[in-house]
Amino acid sequence: MRVLLDGETDLFGLAQLVAQNAGGMVSIEDPESHVLAYSASDEAADPLRIRSILGREGPHDYLRMLREWGVFDRLRRTDEVIEVPAHPELNIKRRLVISIRRPSADAGVAPRLLGSIWLQQGDRAFEPGAPEVLRGASAIAARIISRILDAPSTEALMVQRLFGVRGEGVDIPSIAGALGIPAHGPAAVVGFAALTGAAARSDGSASAGETADDSLGGLIRLHSSAFRRDAVTMVYGARIYVLLPRFRSERAVTAWVRQLVERFEREQLVPLHAAIAIPVADLAAVAGARSEVDRVLDSPPAAFAQGRVTTLAESRTAVLLGEIVGLLRGKPELRDPRLEALADYDSAHSANLGDSVEVYLRVHGDVRAAAQELRVHPNTLRYRIRRVEQLTGMSLADPADRLLLELQLALRESASSRGER
């Protein structure tokens with residue numbers, strides 16, 4: 001039997017080493033049964049293994065049976081190898097499984113469950129020393145996963161410089177060499193932010209309690225590394241950024257990000273939205289790509305009208321409009337006082353002229369469509385539009401007046417969402 005070494009192996013290399021030393025086929029999973037790494041399969045792989053690898057997580061019907069059999073409870077309680085017998089009636093072959101646990105420095109605190117290693121029997125029996133191999137692999141996997149979750153401080157500083165949040169004059173060749181990633185060639189940058197309003201600001205600042213949770217950053221780092229072994233992750237303030245080197249396929253990256261966002265929501269972890277910059281020419285362009293991602297994440301909800309995941313190209317209109325409104329918001333002298341007359345009238349008469357004209361403009365002056373959305377008679381809406389023109393002195397037949405009014409209404413809506421007057 002070969003000696004199993006730690007060294008610089010990653011989870012995929014570890015899975016292959018375990019398969020070679022213990023016999024059978026290996027998968028390494030996180031605590032939620034998502035597949036992080038696996039060894040090569042052969043024709044003896046049962047349908048469960050095939051479905052787990054293809055779906056990157058265990059099938060829900062089988063996970064339910066494992067809970068009923070008490071396997072997950074035993075994994076949480078013990079460091080020992082657990083046998084899961086074959087079930088020919090379910091077309092499931094025999095397995096050995098062991099938990100991956102991170103010991104606590106505090107003797108009174110239980111070890112943290114990091115995942116599990118599964119060994120499926122093939123056409124031949126397991127090697128006699130298979131349980132011993134699994135116990136050694138569990139310790140090695142705990143160290144590998146802990147390194148991924150913890151991200152050493154010197155490496156974190158280097159990554160921050162790469163993403164452009166700490167200092168200027170980045171030595172790209174040195175960083176590329178230290179991180180083991182190519183300095184040239186296409187890449188992708190992804191930014192994740194929790195849907196918690198002000199908690200996700202691009203300058204890294206946040207109110208008390210609004211920084212990204214360590215476990216959230218660790219989970220995204222872990223899944224990013226499973227998707228791409230050389231992925232680089234940075235947690236900064238309330239946001240999490242991922243660099244995927246050697247990536248030019250927008251479709252593949254977008255599909256992975258959507259699956260991750262949907263998984264987090266399905267498992268009731270943290271609702272996220274994400275922005276993607278792709279392609280990124282080389283490492284020197286990573287900082288600029290992060291700024292591009294931030295522009296999207298800083299935008300109003302309209303930027304994500306098509307879903308929780310988008311790119312600057314897909315959401316450029318909403319992004320630019322949000323930035324224009326932001327510039328207006330910072331210059332009080334550009335606020336049109338005529339809109340104050342409209343707001344004062346609505347307040348004094350319990351009217352809704354502002355909402356009516358906003359809907360009217362949004363449907364390009366289609367009175368019937370706007371009246372239907374507002375649930376009023378078209379003649380009532382016509383009266384309201386005339387009243388708006390009288391109060392503001394604007395003509396909604398004038399393109400310039402319409403454009404200005406739309407911008408001022410957007411500014412009012414932005415101020416209202418921020419609790420401003």
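This is a dialogue on reading strands, a buried residue, a sheet and a helix pair in a predicted model.

Colleague: Which strands does E4 pair with, and in what sense?

Modeller: Start by looking for the bridges on either side of a strand. Strand E3 (residues 82–84) pairs with E4 in the antiparallel sense over three bridges, and one of the partnerships to look for is that of Val84 with Arg95 in E4. E4 also pairs with strand E5 (residues 112–120), again in the antiparallel sense, over eight bridges, and here Arg101 has Leu113 of E5 as its bridge partner.

Colleague: Is strand E4 largely enclosed by the rest of the structure or left exposed, and why?

Modeller: Burial is judged residue by residue, with under 20% relative accessible area as the cut-off. In strand E4 (residues 95–102), seven of the eight residues are buried, and the strand is therefore largely enclosed by the rest of the structure.

Colleague: Where does Ser138 lie, and what does it touch?

Modeller: Ser138 belongs to helix H5, which covers residues 130–150. With a relative accessible area of 9%, Ser138 is buried. Leaving aside residues up to four places away in sequence, Ser138 touches Ile98, Ser99, Ile100, Arg101 and Ile117.

Colleague: What is the strand order in the open sheet of five strands, and which strands stand at its edges?

Modeller: Follow the pairing from one strand to the next. The order in this open sheet is E7-E8-E6-E9-E10, and the pairing is mixed. Strand E7 (232–236) and strand E10 (309–311) stand at the edges with a single partner strand each, so one side of each has no neighbour in the sheet. On average, and with direction ignored, neighbouring strands of this sheet are turned by 20° against each other. Within the sheet, strand E6 (residues 184–194) and strand E9 (residues 272–282) run antiparallel and are joined by eight bridges, with Phe192 having Ala274 of E9 as its bridge partner.

Colleague: Which helix packs on this sheet, and which strands does it touch?

Modeller: Helix H9 (residues 250–266) packs on the sheet and touches E6, strand E8 (239–245), E9 and E10, while its direction makes about 160° with that of E9.

Colleague: At what angle do the axes of H14 and H15 cross, and which residues make the contact?

Modeller: A crossing is read from the helix axes, and those of H14 (residues 367–374) and H15 (residues 378–392) come within 9 Å and cross at roughly 100°. The two helices are therefore roughly perpendicular to each other. Val367, Arg368, Ala370, Ala371 and Leu374 of H14 make the contact with Pro378, Leu381 and Arg382 of H15. By class, this contact of H14 with H15 has six nonpolar, no polar and two charged residues.

Terms used
Residues are numbered from 1 along each chain as its sequence is written. This is a predicted model: local features need pLDDT of at least 70, side-chain atom pairs count only at pLDDT 80 or more; totals for chains, interfaces and linings use all residues. Side-chain values use heavy atoms; hydrogens and water are left out. Axes are lines fitted to C-alpha atoms, for helices over the stretch in contact, and angles run from 0 to 180 degrees between N-to-C directions. Helices (H or I, at least four residues) and strands (E, at least two) are DSSP runs, numbered from the N terminus. Angles under 35 degrees count as roughly parallel, over 145 as roughly antiparallel, 65 to 115 as roughly perpendicular and the rest as oblique. Contact means heavy atoms within 4.5 Å. Ala, Val, Leu, Ile, Met, Phe, Trp, Tyr, Cys and Pro count as nonpolar, Asp, Glu, Lys and Arg as charged, and the others, Gly among them, as polar. Buried means under 20% relative accessible area, exposed over 50%, partly exposed in between (1.4 Å probe, protein chains only). Two strands pair if DSSP finds at least two bridges between them.
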